[in-house]
Amino acid sequence: MKNPALTSVKERPFDPRVTLGLVCLAIFIGAVDLTVISAALPKVMIDLRLSLDTELNRASWAVSGYLLAYTVSITFMGRLSDLFGRRMVYLLCLIIFLIGSAWVAAAPNLTMLIIGRVIQAFGAGAMVPVSMALVGDLFSPGQRAAALGFIGAVDTAGWMVGHLYGGVLMRIFDDWRLLFWLNLPIGLVALVLTWYALRQVPTPPRPGHFDWPGTFLLSGSLIALNVGLAAGSELGATDFYGERLGPPPYAGPLVVVALILLALFVWVERRSADPLIGIELFTQRNTAIACVINVVVGFGLAIAITNVPLYINTRLLLYHPTDSDILRIAAWDAGWMLSALTLTMAAAALPGGFLTARFGARLPTVLGLSLALLGYMLMVFWGPDVTYVRMGLELALTGIGLGLVIAPVADTVVAYAGEDRRGAASALVIALRLVGMTVGVAILTMWGVHRQDELRRAGVDNPLAVADPARFLMEIAAQVIGETFLFGAAVCLIGLLAGMAMTAALRQR
């Protein structure tokens with residue numbers, strides 16, 4: 001019997017590619033809001049009359065709370081779409097995001113703003129795996145890889161251009177509430193058009209039950225891991241002499257709790273008649289390798305997200321310490337420089353999908369990780385005087401490499417999961433990438449602060465005693481950032497070796 005979800009374009013009022021564009025519009029808006037608040041946070045604190053000295057940690061929950069809720073929603077909304085239909089769950093998620101946006105825009109205080117951010121994230125995070133599963137329903141196996149790669153690239157690009165988008169609007173309007181009010185007209189247009197485009201997509205009820213124990217255990221593990229590893233960022237707080245405060249006492253125990261909950265999750269899933277994520281995904285060679293490579297991609301992205309803004313901010317602050325507008329200029333420059341990575345990722349995702357459909361997952365995976373490895377190795381040699389042109393070209397090379405990888409690893413997991421598990425498998429793809437990013441930022445923060453302090457002490461006890469203190473500190477910062485790009489090269493090498501071990505392409509389902 002012919003699957004109605006794979007009817008030809010002529011039998012549908014909308015080309016599936018148009019539908020893909022509409023769902024990606026909402027995905028991009030939700031991903032942008034993950035980081036857009038960072039550009040507006042100083043203005044938020046001023047408008048809400050918050051003290052920078054005593055309430056900055058609480059205000060940071062406007063960012064971290066969104067990330068946590070974003071991650072948690074990913075874990076179970078994909079499975080809900082398996083059981084109750086993509087269209088209903090997707091539209092519900094978009095409505096939740098719009099409600100959260102209005103809540104944030106009208107928030108009278110910080111507590112209400114954080115609540116609104118959490119509401120936003122529950123809708124935004126869930127749209128990604130649901131959309132990826134929808135692609136599996138609408139596109140033929142030969143077209144699916146490119147479409148999945150495009151969704152992954154749009155989502156990742158949104159995370160990384162959010163700061164630039166927020167910085168541009170704040171520079172023009174200087175109104176942080178406008179950032180969130182703008183979500184409403186754009187989101188409502190996307191809601192109406194997507195509802196119309198999906199009106200004939202079948203949403204038959206599927207047999208099965210929702211796995212509540214698995215959901216709670218996996219969500220708890222991800223929350224503990226994110227909070228515990230994010231605590232490492234507090235190592236960045238140092239005094240003039242480089243004395244570190246060290247991570248808070250709860251960081252280590254939370255990571256241990258995360259590992260315990262993950263072990264319990266695996267134990268429960270192995271015994272569940274209808275698990276949230278089928279453990280058999282990890283027993284198949286290609287899907288297990290694809291999951292490892294997904295973590296590698298997330299870790300590699302964390303390198304760029306952390307290092308590029310840090311490098312640009314350090315250079316501009318040291319060489320222009322009296323410029324009152326330097327932080328805004330640095331945010332502008334960093335946002336444009338990161339776009340060299342994200343735009344090429346998005347551009348490379350489509351050819352990555354075409355290569356996957358033609359040759360299988362192994363070729364684009366190996367090619368992409370080889371290019372990314374080369375890009376990170378070149379960035380190791382960034383010095384105090386590296387030009388923006390060179391930075392942009394090397395970031396673009398890395399972006400092309402990572403972009404080529406997105407489609408094959410996503411298609412490998414989604415194809416093996418089968419029609420009735422596409423939502424859960426899509427959630428796994430995005431969640432693993434987020435885990436890689438979280439681990440990457442934590443490791444780099446803890447190592448980078450220690451290494452920079454070590455080099456400064458080895459060079460001179462008092463940096464102001466040298467002839468050119470700004471140059472001295474910039475050389476140290478450039479060396480540390482260059483060394484951290486070695487982490488990116490190392491994980492790409494691990495991913496490359498894993499990709500070379502992939503077998504022939506899985507049979508498309």
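Helices here are DSSP runs of H or I at least four residues long, numbered from the N terminus; I99, for instance, lies in helix α4. All the views below come from a predicted model.

**View 1. The whole chain, an all-round look at 16 helices and zero strands.** Before zooming in, here's the overall picture. The chain runs to 509 residues, and 57% of them count as buried. Take the contacts with a separation of 6 or more: residues 24 or more positions apart account for 83% of those. On the outside, the chain exposes about 21,100 Å², with carbon and sulfur atoms supplying 70% of that area.

**View 2. A nonpolar patch on the surface, with I99 as one of its members.** I95, I99, W103, M112 and I115 make up this patch, and together they offer about 390 Å² of accessible area. Two elements, α4 (86-105) and α5 (110-138), each give two or more residues to the patch. Helix α4 provides the largest share, with three residues. I99 sits in α4 and has a relative accessibility of 47%, so it counts as partly exposed; the cut-offs are under 20% for buried and over 50% for exposed.

**View 3. A network of salt bridges that links R79, D82, R86 and D274.** Start with the D274 to R79 pair, a salt bridge whose closest N and O atoms are 2.9 Å apart. This pair links distant parts of the chain: D274 is in the loop between α10 (251-271) and α11 (285-319), R79 is in helix α3 (residues 61-84), and 195 residues separate them. Both partners are tucked away: D274 counts as buried because its relative accessibility is 16%, and R79 counts as buried because its value is 3%. Now move along to D82 and R86, which form a salt bridge with closest N and O atoms 2.6 Å apart. These two residues are both buried as well. In the chain as a whole, the count of salt bridges comes to five.

**View 4. D82 and a partner from far along the sequence, R421.** Stay with D82, which has its place in helix α3. Its relative accessible area is 1%, so D82 is buried. Which residue lies 339 residues away in sequence from D82, yet 6.2 Å away in space? That's R421, with the distance taken from C-alpha to C-alpha. Keep in mind that D82 also has its salt bridge with R86 and belongs to the network with R79, R86 and D274.

**View 5. Helix α13 and its buried side.** Helix α13 covers residues 362-379, which is 18 residues, and at 1.5 Å a residue it should span 26 Å; the end C-alpha atoms are 26 Å apart, so the two agree. The buried residues in α13 are P364, T365, G368, L369, A372, L373, G375, Y376 and M379. Where do they sit around the axis? They cover an arc of only 165°, which puts them on the same side of α13. As a reminder of the geometry, an α-helix has 3.6 residues a turn, so residues three or four places apart point the same way.

**View 6. Helix α14, largely enclosed by the rest of the structure because 23 of its 30 residues are buried.** With 30 residues at 1.5 Å each, α14 should span 44 Å, and its end C-alpha atoms are 43 Å apart, so expectation and model agree. Zoom in on the salt bridge between R390 and E394, where the closest N and O atoms are 2.8 Å apart. These two are four residues apart in helix α14 (residues 388-417), so about one helical turn separates them. Their surroundings can be read from the accessibilities: R390 is partly exposed because its value is 31%, whereas E394 counts as buried because its value is 9%.

**View 7. T398 of helix α14 and the residues it touches.** How buried or exposed is T398? Its relative accessible area is 0%, so T398 is buried. Leaving aside residues up to four places away in sequence, T398 touches L341, A372, G375, Y376 and M379. If some of those names ring a bell, look back at View 5: A372, G375, Y376 and M379 are among the buried residues of α13.

Definitions and conventions: Residues are numbered from 1 along each chain as its sequence is written. This is a predicted model: local features need pLDDT of at least 70, side-chain atom pairs count only at pLDDT 80 or more; totals for chains, interfaces and linings use all residues. Side-chain values use heavy atoms; hydrogens and water are left out. Patches are made of residues with over 30% relative accessible area and no salt bridge: like charges are joined within 9 Å, nonpolar side chains (Val, Leu, Ile, Met, Phe, Trp, Tyr) within 5 Å. Accessible areas come from the Shrake-Rupley method with a 1.4 Å probe; for residues, only the protein chains shown count as cover. A salt bridge is a side-chain nitrogen of Lys or Arg within 4 Å of a carboxyl oxygen of Asp or Glu. Buried means under 20% relative accessible area, exposed over 50%, partly exposed in between (1.4 Å probe, protein chains only). The expected span of a helix is 1.5 Å times one less than its number of residues. The arc is that of the directions from the helix axis to the C-beta atoms. Contact means heavy atoms within 4.5 Å.
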